[in-house]
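Reader: I would like a close look at one part of this model, and then how that part sits in the rest. Please define the terms as you go.

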Amino acid sequence: MISPVLAIIYIFIIPGFFFLFAYALFLEYLDRRIIARMQTRVGPPLIQPVADLIKMLGKEVIDPAGVDRALFDAIPLVALAAVMTAFLYVPVVGNSPFAFQGDLVLVLYLLTIPTIALFLLGWLSRNIFSAVGGIRAVTQLFIYEVPFFLALLTPALMAGTWSVSEIARWQQDNLWFAVLQPIAFVIALVGLQAKLERTPFDIPEAETEIVAGPWTELTGRRLAAMHLAFDIYLVAGSALVAALFLGGPLTPWTITPVWLGWIAGFFIFIGKTLVILLILSAFKAATGRIRIDQLNRIGWKYLAGASIVQLAIVLVMNSVRVNV
Amino acid sequence: MPEVVIPIGPQHPALKEPVNFRVIADGEKIVRLDLDLSYNHRGIEKAAEQRNFIRVLPLLERVCGICSHSHATAFAKGIEELMGLRIPPRAQYIRTIIAELERMHSHLLWLGVAAHEIGFNTLFMWTWRDREEVQDTLEEMSGNRVHYGMNEVGGVRRDLSASQVKAALGRLPSLQERIGKYVDMVNNQRTMLVRFRGIGTLSKEEALEFGTVGPTARASGVDYDTRRDDPYLVYDEVPWDVVTASDGDVFGRTEVRIGEIAESIRIVRHCLENLPEGPIRVNAPKTAPKGEVLSRYEAPRGELVHFIRTNGTDRVERVDIRTPTLANWTSVAHELVGQNLADIPVIVAAIDPCLSCTSRLTVINSRDKKECQVSFEELRRKKKTTWAGGGPA
Amino acid sequence: MNEPCSLDFVRETMKDFGTADQAGRGRFRIDTTPEKIRNAVNACRERLHCNRFIAISSADTPPVLELIYHFTGPHRAVISLAIGVPREAPVTPTLSDILPPAGILERQIHDLFGIEFTGHPGLKKIILNEDWPEGEFPLRKDWKPGPDTFYGGFREG
């Protein structure tokens, strides 16, 4: 384990919370800018997400009648805490100092909490639009979570370990999993888009149908916390997919000295997550929203089916390698 | 889930204008709905009875922003028929050009709105950017982006200069190319196909039975188009085709509207290139003889009907407006039952509703200046506020 | 049938219901009574081959309130069936069961003129706001807004 001083710096400054907030806001800016350019618009300036956050923090908090205020305050913070913690276990400059066997499961569990938070908010809002949105969020969760988990399971199977950092390190000696398991890579990206509730999977917050779904009654600092939580969610999700499929912050050769490796790893990490963001933004700009029953069909027929096929292929490949 | 009442309106992000659909839903399926159209009611028909022919045209133009020229032209041509006036050919051509440009910008707007309703914002941004080309042309010609004020009884009020004609012709080729791209996109884009196909289907018999008009009806194969059936302006001289489709669902209506934009480009190009010389108006008499006329016009949303009755004075005795959106509401109410909640915006948007047109009747024309202040608080509640003070004649 | 309708044909077919007249280019008007209107509409649809209903126009021509039903068909002519409803007892049978679009239009006319359509499934307010006072029919010629009547909505003070 690392020394306490380094741990504090790692958690709170870089690549911890300070960097995480900055990078999350930067990715939000990039996402909006890329989509705007694709739509022949100009898009917001660099400082826009920061300005939005500050503005939201300053707005009045409106409590709908009869709503449990303490819970309403707590739930966005819980979601925020969950995604921030998840990020700590993803390799950013080399191995994560908190890595342990099974942290993949922990990260995946923590990354489902924002969706559950949305459902709770929708349910507690005493508002028909929010309730419908919350139910849609959970329905969507059931649909994409199975293929997504399976798609993230297959790299773990092939690498023979349950730690995200070790899976990233395994790819240093072998090929990237994006090359070895392309089906899983595609499913992971689609699943990530669905987890983040971005078009075509922004069903729970379909503006033209149910106002803003579970987000309808969030105001002021609660909205700021939830909004920031989803921005960080994007970073954590992209970082996870980058670590599992694109080799994380590591290159196929080891860099010495160690501190140079960390700096190089940092920039490689940023580069790979930017690539994933580019794919997700293009996906968002190029599609419209689908309906929940259509998602149901696509999710179970194609996504789940493909992920099981990928699983079978990986099991076969594993046994072949063992024998060879 | 037991039956739940979901209020769609009067304020709702899916609606561009206030209307109250109270949707009673069972889970995600719609069981029935109630309709309340009173929110944009302004008392125009009664107010029109108090104004002479010069003053009534700007009033009727403001029935609706997007189909303003339709209302003005329908009324003007009705009065001209009653008076027995023949307006000069140049005026007819100019009216046609503005009418078709209006159709183009209305359909492009609709395409963007339909894409927005399904969350496909990229197409929304693209079509509205192309719509700006049409709006620039209209602004050059008339000075306004909506409410062009081109008509008067007896002709048009403004002429088109040669440079305006040239600028307009210059914008048409790029528009035509973009329309080609949209045809491609609509036919191949997966999410659009998945959200539009099979939604809100209306068979040909149902379309006829429910009295649907316009692109909604033509998408079901009903071959009625007032420009061909009851020709007015120059539609019998210009080569153009009626666009129909056979699907009867929202996808069919998209096809029909895009096809109509292409036809409008054709008509505008022909009219601009063959604009006859001559005067743009004749002097109309002040009063109209006693009579009644049914003036029909193909507005972008469908057939618009003005029933005008005159009594020998310089005002109408009665103008009864039946707008295309009102004719299409019955089919919407029928189509929505049994569909998903998520499809409400798509189905309602597919008839291209113009609620300002739908709700324009009755008076609020009082001599005693009864005025109501409306606070934002009150607007948020689901009640209509009566605006009084239409002004005595 | 795509051949244009002639005045004689219309006159002959509709002679049980009233006299037919040419009312402008391509339009024929037949004056009939509220008792016969339902049969007249059916005759128009079957014998004159009018498969599309256009609109119900309404007007206040003292001493009656006039209702005019317009139809058209593949022959492209417009057939207008006109009835006059007495003002003191404005009652006429509904057409909403044989003509679905008439449902909304009749509700509107009921709001504005006060004509009762017997047999209509639900003559609720549609074009006027819910709290518009009863008995005030704005589009009648003799209607003036009363200075002390409250027409619904909100007002300051």
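In β5(C), which residue is the bridge partner of Ile68(C)?

Author: Ala82(C) is the residue in β5(C) that bridges to Ile68(C). This is a predicted model, in which local features need pLDDT of at least 70 and side-chain atom pairs count only at pLDDT 80 or more, while totals for chains, interfaces and linings use all residues. Residues are numbered from 1 along each chain as its sequence is written, and chains are lettered from A and ligands numbered from 1 in the order in which they are written.

Strand β4(C) covers residues 64-72 of chain C, and its pairing with β5(C) is antiparallel, with 9 bridges. Strands pair if DSSP finds at least two bridges between them; strands (E, at least two residues) and helices (H or I, at least four) are DSSP runs numbered from the N terminus. The two strands make a hairpin, and 5 residues separate β4(C) from β5(C). Within that turn, Arg76(C) has a positive phi of about 65°.

Strand β5(C) itself runs over residues 78-86, and 7 of its 9 residues are buried. Buried here means 20 or more other C-beta atoms within 10 Å of the residue's own, exposed means 12 or fewer, partly exposed is in between, and C-beta atoms are placed from the backbone. By that count β5(C) is mostly covered.

β5(C) has another pairing besides the hairpin, this time with β2(C), residues 27-32. In that case the two strands run parallel and are joined by 6 bridges. Arg27(C) of chain C stands opposite Val78(C) of β5(C). The two pairings of β5(C) thus have opposite senses: antiparallel with β4(C) and parallel with β2(C).

Going back along the sequence from the hairpin, the loop between β3(C), residues 52-61, and β4(C) contains Pro63(C). The peptide bond between Pro62(C) and Pro63(C) is cis, with omega about 5°. In the loop between α2(C), residues 37-47, and β3(C) sits His49(C), which is not a glycine but has a positive phi of about 60°. His49(C) is partly exposed, as 15 other C-beta atoms lie within 10 Å. These features stand out because most residues other than glycine have a negative phi and most peptide bonds are trans.

Around these elements, chain C contains 3 helices and 7 strands. Their order along the sequence is α-β-β-α-β-β-β-β-α-β. Along the principal axes, the C-alpha atoms of chain C fill a box of roughly 65 × 30 × 25 Å. Chain C has 157 residues, 44% of them buried. Of the contacts in chain C between residues at least 6 apart in sequence, 50% join residues at least 24 apart; a contact means two C-beta atoms, placed from the backbone, within 7 Å.

As for its neighbours, chain C shares contacts with chain B, and of the 2 pairs of chains in contact, B and C have the most. Chain C makes no contact with chain A, and the closest C-alpha atoms of those two chains are 24 Å apart.

In chain B, helix α11(B) takes in residues 250-273, 24 residues in all. From first to last C-alpha it reaches 35 Å, close to the 34 Å expected at 1.5 Å a residue, where the expected span is 1.5 Å times one less than the number of residues. Of the 24 residues of α11(B), 17 are buried, so this helix is largely enclosed by the rest of the structure.

Chain A has its own cis bond and positive phi. The peptide bond from Thr199(A) to Pro200(A) is cis, with omega near 0°. Pro200(A) belongs to the loop between α10 and α11 (207-210) of chain A. In the loop between α6 (113-124) and α7 (128-159) of chain A is Arg126(A), a residue other than glycine with a positive phi near 55°. Arg126(A) is partly exposed, with 13 other C-beta atoms within 10 Å.

Helix α10(A) also meets α12(A). The residues on the α10(A) side are Phe185(A), Ala188(A), Leu189(A), Leu192(A) and Lys195(A). Those on the α12(A) side are Gly237(A), Val241(A) and Phe245(A).
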